[in-house]
Structure formats: C-alpha cells, structure tokens
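Subject: Structure handover

Hello,

Here is the structure I promised you. Please open it before you read on.

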Amino acid sequence: MDDGADQAQIVVGSYTEPPRNGERQAQGISGGWTALGDAPDLLLDLLATSRNPTYVIVSSDGGTLYAVNEVAAFDDLDGGGVSAYRRDIATGALEFLNSRPSGGTFPCHLAFSPDERFVIVVNYGSGTGTVLPRLEGGRLGPATCNFEPLAGASVGRQAQVSHLHMACPDPVSGCVLVADLGLDAVLIYAMTAAGQLTEQADRRIVAIGAGPRHIAFHPSGDYLFVLGELDNTILVLRRNAEHFVALSVTSTLPGAFNGVSSASAIRVSPTGRHIMTANRGHDSVAMFAFDHETGALTLCHIEPSRGRTPRDICLAPGGQYLAVANQGSDNLAIFEVDEERSRLVFLRTVPVASPACITFVASGGAASAPRNAASPAHVQLPRNR
C-alpha cells in the first residue's frame, strides 16, 4: 500500500462453498487498496481464509472486522458461525481472533449495536438471531441473547416461516430493526445495555408479498427504506414518533421488463438525495432521486451492473463511487456517482471470485459501509472503461 490520506481499502466477502469446477474459486475475505488519481489497476489479495464469509463489517475505528460464516454446520457444531479479526489500520491485514456460533443456520448478515459493544447476527435458514458481546481487543464473547420473531404477531404471509435477512440499528431510537423475508415484515427490537433484545410487536411493519431483504435509513433519520426481494420494490416510510408510516411503494425495475429478477441491496447516498438498489436477474443498478420534504421517490436511471447476479452494492467514502458485487460473473464493477445528473457512470471491472458483500475502509480506519451515516473521506477509484 502506498501512503496517502485519500486511500481506502475495499474489502470483499465471498462464497467459498460449494466447490466450483473449472471456475474461479474464492478462499475467504479479500481486499485491496485504491487511491486518488490515475492509480494502477486495483488488485485484490486474500486477507483471510474463511468458510463462506458472505457478509463483513468493520468497526468505526477500523481496528476490527467481523464476518458471518454462512453454513449449516461450523466448528463441528450445528449452525453457522461468526469470526472476528484484528485489522491492521495501516496495512489492512487481518489476524484471526476467535469465532462463535451464530445461533442458527446460514447466517447472512451482521451489524453493530449503536454503541458498537455488541454484534447482532441474523440467520436466514433458522429464522433466528443472536447478540454477541465485543470483548477487549475485539474478540467475541458468549451470546448475551438469542432471539426470534414473536409467535402470533401480525405477518404478511401467515403460513410462512421466518427468514431473517438483515439487522439495522435505528440511528434515532437506538432500537434494532430486522428484515424478515419469510414473514413479510420488519421487526423492531428494543435493546438493553446488557445486550438483550425484546421485540415490540405493536411496531412491526408488515409488507405483504414484498419479502423484505434489506433496509436503510435516510441520513436525517426521518425516513426508512425497505427493499422487497420478492416483488422488487422500495417501501418508503416516514418516522412518526415511535412508529413508521408508509408513504409509497416504487418498483426497482423498468416497466417493460417481464423476466425474473430479485432485488438484493439498497444504499442511500451520504447527501440523502439518492437511493440505489441492485437487481439480480435484470442485472442492473437502479438510481432514484429522493425528496426529503415530501418523501417522494423517483426512478431516474437504471444502469447495467456489468456482470451477472449483483448481490451487493456499496458506496465508497464520500459517496462519489459505487462498487457492485457481481456474484454470478466473478467481478466487481466500479461506477462514478453523478448526483447532479442522477446517473451512474461505468468506470471499470475488477476480477474477484463469487463476491457477496463489499465494504470500504478509509485510510486511518473509518468504515464507510454498511453503516448509514455519511461517509468520512473522498476516495477516487482508477478509471478503466
């Protein structure tokens, strides 16, 4: 890595299993540095060998990384795992610390509690979640809480089973919101200082037929955006005291598209002026303009993802660049975000095996995603159209 205040490390979690024949095979977590100006081609190196590290997060000081291990059995125990790594802020190198059970099968997402004292993990397979405390030095302690949706509370699809897909702390209330694709709902949990979660059943957000996958807050905290994987929509909600009021539902796909697609990820620009989503099947990224005063969401631009099956998207620090993880074609695609014209401008692709998740960490440590807060530093990625 070259010295420079405007550098950032891009970190990628990938699927390593099942083995692939005759194709690029991921080994774990990979990463590489990029800088301002006409930098050399971005090369990604293996940072840590790990089983299906399909979602990764980095602490706000840049010193610790956590990854899910999206498997049915881990360390000779039923259920998935969560692995902790010490991250060298200067080089980005990872050192394995320890791992803990995820409290269920096929964990697919994890997030920090608002104070970063805990890591909240959700399991897609079993529809359960767990809370793991962060110990001194970044290691993970035994679970303080295991949670699952309350039985008998309102759901969109009464006969379905829970499939938790994302946990997201509310920047205003301090509650934890959990997207449940199986129950067509966003669950809201109160969190105690001891790391206990209790669902607030009367605040559950039901989105019938949507299959909520990911959620994001506007930087102001006034609005919540819910991405529906099954119906390819964004549900816009406005905060009203302790509850959220639905305002609109907008498709992430062009009206003329009649094929099969499923929405996968949603990001809000640091300015709050634009929302971007990824479409798997249509293989594109949709860019929407958002009006903070009215809550109106308007589709402005749909850009090809330059690969197959875009599973994740991530904004670089500052929000001027967007990276897309094209899982099906083993590459990242890099775009410039033009907020003045509401457009994404393709720059280049980077080879990487089975990418599932992307995060950026600015030089000095500040992580830009998957947080909802405004990103700290501007980083320019090399052009190669």
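Below are the findings, grouped by region.

A caution first: this is a predicted model.

**The sheet with strands 19 to 22**

Four strands make an open sheet here, ordered 19-20-21-22 and paired antiparallel. Strand 19 (212-217) and strand 22 (243-251) are the edges. Each has a single partner strand, so one side of each has no neighbour in the sheet. On average, neighbouring strands of this sheet are turned by 25° against each other, direction ignored.

Strand 19 meets strand 20 (residues 223-228) through five bridges, and the two run antiparallel. To find your way, start at Ala216: its bridge partner in strand 20 is Phe225.

**Aromatic pairs**

The structure has seven aromatic pairs. Look at Phe217 and Phe244. Their ring centres are 6.2 Å apart and their planes stand at 55°, so the pair counts as tilted. Phe217 sits in strand 19 and Phe244 in strand 22, so the contact ties together parts 27 residues apart in sequence.

Are these two rings' residues buried or exposed? Phe217 has 0% relative accessibility and counts as buried. Phe244 has a relative accessible area of 12% and is buried too. The cut-off for buried is under 20%.

Phe225, the bridge partner of Ala216, also belongs to a ring cluster. Ring pairs link Phe225 with Tyr223 and Phe290 there.

**A cavity to inspect**

Searching the whole structure gives two cavities of 30 Å³ or more. The second largest cavity holds about 70 Å³ of space. Which elements give two or more residues to its lining? They are strand 10 (107-112), strand 19 and strand 27 (310-315). Strand 19 is thus worth a second look here.

The lining consists of these residues:

- Thr54, Tyr55, Cys108, His109 and His165 are among them.
- Arg213, His214, Arg311, Asp312 and Ala356 are also in the lining.

By class, the lining residues divide into three nonpolar, four polar and three charged.

**The sheet with strands 1, 2, 3 and 31**

This is another open sheet of four strands, in the order 3-2-1-31, with antiparallel pairing. Its edge strands are strand 3 (45-49) and strand 31 (355-362), each pairing on one side only. Here, too, the average turn between neighbouring strands is 25°, direction ignored.

Strand 1 (residues 8-14) and strand 31 run antiparallel and are joined by seven bridges. Use Gly13 as a marker: its bridge partner in strand 31 is Cys357.

**Strand 8 and its partners**

Strand 8 (residues 81-87) is mostly covered, with six of its seven residues buried. Strand 8 pairs with strand 5 (residues 64-69) over six bridges, in the antiparallel sense. Strand 8 is also joined to strand 9 (residues 94-101) by seven bridges, again antiparallel.

Gly81 shows both pairings. Asn69 stands opposite Gly81 in strand 8. In strand 9, Gly81 has Pro101 as its bridge partner.

Last, the turn. The hairpin of strand 8 and strand 9 has six residues between the strands. Within this hairpin, Gly92 takes a positive phi near 85°.

Best regards

Note on methods
Residues are numbered from 1 along each chain as its sequence is written. This is a predicted model: local features need pLDDT of at least 70, side-chain atom pairs count only at pLDDT 80 or more; totals for chains, interfaces and linings use all residues. Side-chain values use heavy atoms; hydrogens and water are left out. Two strands pair if DSSP finds at least two bridges between them. Axes are lines fitted to C-alpha atoms, for helices over the stretch in contact, and angles run from 0 to 180 degrees between N-to-C directions. On a 1 Å grid over the protein atoms alone, a cavity is a set of points where a 1.4 Å probe fits but cannot get out, and a pocket is an open set with protein on both sides within 12 Å along at least five of seven lines; lining residues have an atom within 4 Å of a point. Grid points are joined across faces, edges and corners, and a volume is the space filled by probe spheres set on the points. Ala, Val, Leu, Ile, Met, Phe, Trp, Tyr, Cys and Pro count as nonpolar, Asp, Glu, Lys and Arg as charged, and the others, Gly among them, as polar. Rings of Phe, Tyr and Trp (its six-membered ring) pair if their centres lie within 6.5 Å; planes under 30 degrees apart count as stacked, over 60 as edge-to-face and the rest as tilted. Buried means under 20% relative accessible area, exposed over 50%, partly exposed in between (1.4 Å probe, protein chains only).
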